[in-house]
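Work through the exercises below with the sequence and the model at hand. Each task is followed by its solution.

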Amino acid sequence: MAQHDSEDIKSKKRQLDIIRRERDSIQRLLNQARLENLTQEVKNLIQEFDRLDAVLSEEDSY
């Protein structure tokens, strides 16, 4: 009986380890996705600033 309990505990610990690794993997993927979104947003803002700068430069030349 003690042997069975010990194996059951080991099995549950293995399952918890698997779940923790999967959770960590998902967190890494979500963080990467967030960074990619932020990178794209920054690129979009840079393009908008460049466009506004060009418009303002044209107005200054009048």
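**Exercise 1. State the accessible surface of the protein and the share that belongs to carbon and sulfur atoms.**

Solution. The accessible surface is about 6100 Å², and 55% of this belongs to carbon and sulfur atoms. Areas come from the Shrake-Rupley method with a 1.4 Å probe; for residues, only the protein chains shown count as cover. The model is predicted: local features need pLDDT of at least 70, side-chain atom pairs count only at pLDDT 80 or more, and totals for chains, interfaces and linings use all residues. Residues are numbered from 1 along each chain as its sequence is written, and side-chain values use heavy atoms, with hydrogens and water left out.

**Exercise 2. Describe the overall form of the protein.**

Solution. Start with secondary structure: there is one helix and zero strands (DSSP runs, H or I of at least four residues for helices, E of at least two for strands, numbered from the N terminus). Next, take the extent: the C-alpha trace spans about 90 × 10 × 5 Å along its principal axes. Finally, check burial: 0% of the 62 residues are buried (buried is under 20% relative accessible area, exposed over 50%, partly exposed in between; 1.4 Å probe, protein chains only).

**Exercise 3. Find the partners of Asp-17 and Arg-51 in salt bridges.**

Solution. A salt bridge needs a side-chain nitrogen of Lys or Arg within 4 Å of a carboxyl oxygen of Asp or Glu. Asp-17 pairs with Arg-20, with the closest N and O atoms 3.5 Å apart. Both lie in helix α1 (residues 2–60), three residues apart. Arg-51 pairs with Glu-48 at 2.6 Å between the closest N and O atoms. Arg-51 is partly exposed at 44% relative accessible area, and Glu-48 is partly exposed at 34%.
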